[in-house]
Amino acid sequence: MYYGSRIIVALDPPDGVNVIDWCLNIVRETRDLVAGYKIGLPLVVRLNSMEDLSILSKAMDGDRLKIVDLKLADIGNIMVSAVKPFIHHGFNYFIAHSFIGCRDGLDVLNSFLRENNAWLITVVSMSHRGSVEAMDDVVEKLLEISVNTGAWGVVAPATRPEIIRFVRKHIGSRAKILSPGIGPQGARPGDALMAGADYEIIGRMITRSSDPRHVVEEINKIHESPLREG
Ligand code: XMP
């Protein structure tokens, strides 16, 4: 069993596969080497049955982060309705947008999650270039909302390490930082950790490889070197 990995694998299935079989193959090959998995709409909209999520979450092992990324952005009670079935099937971390604000929004969701041994992750900046068009102007405000809500973690982009450094400076150790944007989006494995992130969310670089296990092993090695120096 490998402890201490900072990799969260984004399970976004390609076209033309049975999505659950595809996910299970990757999970079985990598689960002893990663911190967790993230599922999102590309998987969820292709499920035949929500019951399949139980099979998937059981395959992930008990102590993995099992993240559902619907990038929720609604009023509190609607977000609660959306997460309930995933909690029922064993998922325990949920990504929501921070721009919706705390009162009657994130606070309702966060309270519900805490009551159900689940945790909130908020988005404060995104990995694509469009994030600079609006979100990045208000990162500080979004962090304030996230911290006031009591979010367990925040998402900040590996593609802009300066944002990660800003986020870390601002929140200290009050929340984890999870960073996507590695591989096809441009960042290299280890870039986000070096800037202060706790986890790197990595999808296609691992899942579209002919040998996902080998790629995960190589990324873990890269991650260990900056971590040792830090
Ligand atoms: P790739 O294949 O590019 O997948 O490694 C990245 C995964 O991360 C998600 N993603 C984001 N999620 N904020 C988020 O909350 C972001 O800025 C962001 N950028 C990418 C994406 O949905 C995919 O699952």
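This is a dialogue between a visitor and a guide about reading a predicted model of a protein chain.

Visitor: Before any detail, what are the helices and strands of the chain, and how many of each are there?

Guide: The chain has 10 helices and eight strands. Please keep in mind throughout that the model is predicted.

Visitor: What radius of gyration does the chain have, and what would a compact globule have?

Guide: The idea is to set the value for the chain beside the one expected for its length: with 230 residues, a compact globule would have a radius of gyration near 17 Å, and the chain has 17 Å, which agrees. Taken along the principal axes, the C-alpha atoms fill a box of roughly 45 × 45 × 30 Å. Of the 230 residues, 54% count as buried, and among contacts between residues at least 6 apart in sequence, 69% join residues at least 24 apart.

Visitor: How should I read a single helix, and what span should helix 1 have?

Guide: One begins with the rise for each residue: at 1.5 Å a residue, the 12 residues of helix 1, residues 19-30, should span 16 Å, and the end C-alpha atoms are 17 Å apart, which agrees. At the N-terminal end of helix 1, Asn18 acts as a cap, with a side-chain oxygen 3.1 Å from the backbone nitrogen of Ile20.

Visitor: Which residues of helix 1 are buried?

Guide: The buried residues of helix 1 are Val19, Ile20, Trp22, Cys23, Leu24, Ile26, Val27 and Thr30. Asn25 also lies in helix 1, but Asn25 is partly exposed, with a relative accessible area of 48%.

Visitor: Which residues of the largest nonpolar core touch the most other members?

Guide: That core has 79 residues, and Leu11, Ile39, Leu56 and Val167 are the ones that touch the most other members. Helix 1 supplies the largest share of this core, seven residues. As for Leu11, once neighbours within four places in sequence are left aside, the residues in contact with it include Trp22, Cys23, Ile26 and Val27, together with Tyr37, Ile39, Leu43 and Met60.

Visitor: What covers the buried residues of helix 5?

Guide: It helps to name the buried residues before looking for their cover: in helix 5, residues 102-115, they are Gly105, Leu106, Leu109, Asn110, Phe112 and Leu113. Their cover includes strand 3 (65-72), helix 4 (76-88), strand 4 (93-97), strand 5 (119-123) and helix 6. Helix 5 is followed by Asn117, whose phi is positive, near 50°.

Visitor: What is the idea behind a salt bridge, and how many salt bridges does the structure hold?

Guide: Side chains of opposite charge can pair when their charged atoms come close. The structure holds 10 salt bridges, and one of them joins the side chains of Arg64 and Asp63, at 2.6 Å from N to O. The two partners sit differently with respect to the surface, since Arg64 is buried with a relative accessible area of 6%, whereas Asp63 is exposed with 53%.

Visitor: How far apart along helix 6 are Glu144 and Lys141?

Guide: Glu144 and Lys141 are three residues apart in helix 6, residues 139-149, which means that about one helical turn separates them. They form a salt bridge whose closest N and O atoms are 3.5 Å apart. Glu144 is partly exposed, with a relative accessible area of 37%, and Lys141 also counts as partly exposed, at 46%.

Visitor: Which residues are joined into one network with Arg213?

Guide: We can start from one pair, Arg213 and Glu217, which form a salt bridge with the closest N and O atoms 3.7 Å apart. Being four residues apart in helix 10, residues 212-229, Arg213 and Glu217 are separated by about one helical turn. Salt bridges that share partners then join Asp32, Arg213 and Glu217 into one network.

Visitor: Is His223, which is found in helix 10, buried or exposed?

Guide: His223 is buried, with a relative accessible area of 1%. A polar contact of 2.8 Å joins the side chains of His223 and Glu200. Not counting residues up to four places away in sequence, His223 touches Arg6, Ile7, Pro189, Gly190, Leu193 and Glu200.

Methods
Residues are numbered from 1 along each chain as its sequence is written. This is a predicted model: local features need pLDDT of at least 70, side-chain atom pairs count only at pLDDT 80 or more; totals for chains, interfaces and linings use all residues. Side-chain values use heavy atoms; hydrogens and water are left out. Helices (H or I, at least four residues) and strands (E, at least two) are DSSP runs, numbered from the N terminus. The expected span of a helix is 1.5 Å times one less than its number of residues. Buried means under 20% relative accessible area, exposed over 50%, partly exposed in between (1.4 Å probe, protein chains only). A polar contact is a pair of N or O atoms within 3.5 Å; within protein, one must be able to donate a hydrogen and the other to accept it, and residues adjacent in sequence count only if both atoms are side-chain atoms. A salt bridge is a side-chain nitrogen of Lys or Arg within 4 Å of a carboxyl oxygen of Asp or Glu. A nonpolar core is a set of buried Ala, Val, Leu, Ile, Met, Phe, Trp, Tyr and Cys residues joined through side-chain atoms within 4.5 Å. Contact means heavy atoms within 4.5 Å. The radius of gyration is taken over C-alpha atoms; the globule rule is 2.2 Å times the number of residues to the power 0.38.
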